[in-house]
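Trainee: I have a model open and would like to go through it with you. Where do we begin?

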Amino acid sequence: MKFILSLIVSLFLAFPVFAAEIQMGSGGMLVFEPCELTVAVGESVTFVNNELPPHNVMFDEPYQEMSHSDLAFTAGESFEVVFDTAGDYYFQCDPHAGAGMKGVIHVE
């Protein structure tokens with residue numbers, strides 16, 4: 001029994017935990033996919049430029065310092081954001097906010 005438990009723990013630790021990912025532009029639409037996400041405190045989210053660039057990610061108050069104002073033009077270009085504090089993080093793509101390209105990340 002100890003061997004099996006040890007094996008299970010070893011296998012779990014051998015595989016990386018996949019961070020959450022949000023696509024910027026999806027299905028020919030100016031959207032974040034998904035546009036709403038829940039993560040735990042300390043987890044990260046990777047934003048990936050997908051379709052209809054350029055895109056950026058701008059967070060509302062009080063989290064503006066986490067924003068990425070530089071525009072991503074290249075497909076596959078990405079950046080990671082780590083969420084260290086619980087709360088609701090509202091964000092938008094500045095060039096496409098008028099088209100509704102907005103979202104929220106709930107950190108619990």
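Mentor: We begin with the open sheet of four strands, which has mixed pairing. The model is predicted, so local features need pLDDT of at least 70 and side-chain atom pairs count only at pLDDT 80 or more, while totals for chains, interfaces and linings use all residues. Residues are numbered from 1 along each chain as its sequence is written, and side-chain values use heavy atoms, with hydrogens and water left out.

Trainee: What is the order of the strands in this open sheet?

Mentor: Strands (E, at least two residues) and helices (H or I, at least four residues) are DSSP runs numbered from the N terminus. Two strands pair if DSSP finds at least two bridges between them. On that basis the sheet has the order 2-1-4-7.

Trainee: Which strands stand at the edges?

Mentor: An edge strand here has a single partner strand, so one of its sides is left without a neighbour in the sheet. The strands in that position are strand 2 and strand 7 (78-82).

Trainee: What is the average twist from one strand to the next?

Mentor: Axes are lines fitted to C-alpha atoms (for helices over the stretch in contact), and angles run from 0 to 180 degrees between N-to-C directions. From one strand to the next, the twist averages 15°.

Trainee: In which sense do strand 1 and strand 2 pair?

Mentor: Strand 1 covers residues 20-26, and three bridges join it to strand 2. One bridge has S26 and, in strand 2, its partner M29. The sense of the pairing is antiparallel.

Trainee: How are the rings of F32 and F91 arranged?

Mentor: Rings of Phe, Tyr and Trp (its six-membered ring) pair if their centres lie within 6.5 Å; planes under 30 degrees apart are stacked, over 60 edge-to-face, and the rest tilted. For F32 and F91 the centres are 4.8 Å apart and the planes stand at 80°, so the pair is edge-to-face.

Trainee: How many residues apart are F32 and F91?

Mentor: F32 is in strand 2 (residues 29-33) and F91 is in strand 8 (residues 87-92). The pair links distant parts of the chain, and the separation is 59 residues.

Trainee: Are F83 and Y89 buried or exposed?

Mentor: Buried means under 20% relative accessible area, exposed over 50%, and partly exposed in between (1.4 Å probe, protein chains only). F83 has 0% and Y89 has 1%. These two residues also form an edge-to-face aromatic pair. With such values, F83 and Y89 are buried.

Trainee: Which residues have the most contacts inside the largest nonpolar core?

Mentor: A nonpolar core is a set of buried Ala, Val, Leu, Ile, Met, Phe, Trp, Tyr and Cys residues joined through side-chain atoms within 4.5 Å. The largest has 21 residues. Strand 3 (36-39), strand 4 (44-49) and strand 5 (55-59) are among the strands that each supply at least two of them. Those with the most contacts inside the core are F32, F47, F59, F83 and I105.

Trainee: Is L71 buried, partly exposed or exposed?

Mentor: L71 lies in strand 6 (residues 68-72). Leaving aside neighbours within four places in sequence, L71 is in contact (heavy atoms within 4.5 Å) with residues including P54, H55 and P95. Its relative accessible area is 35%, so L71 is partly exposed.
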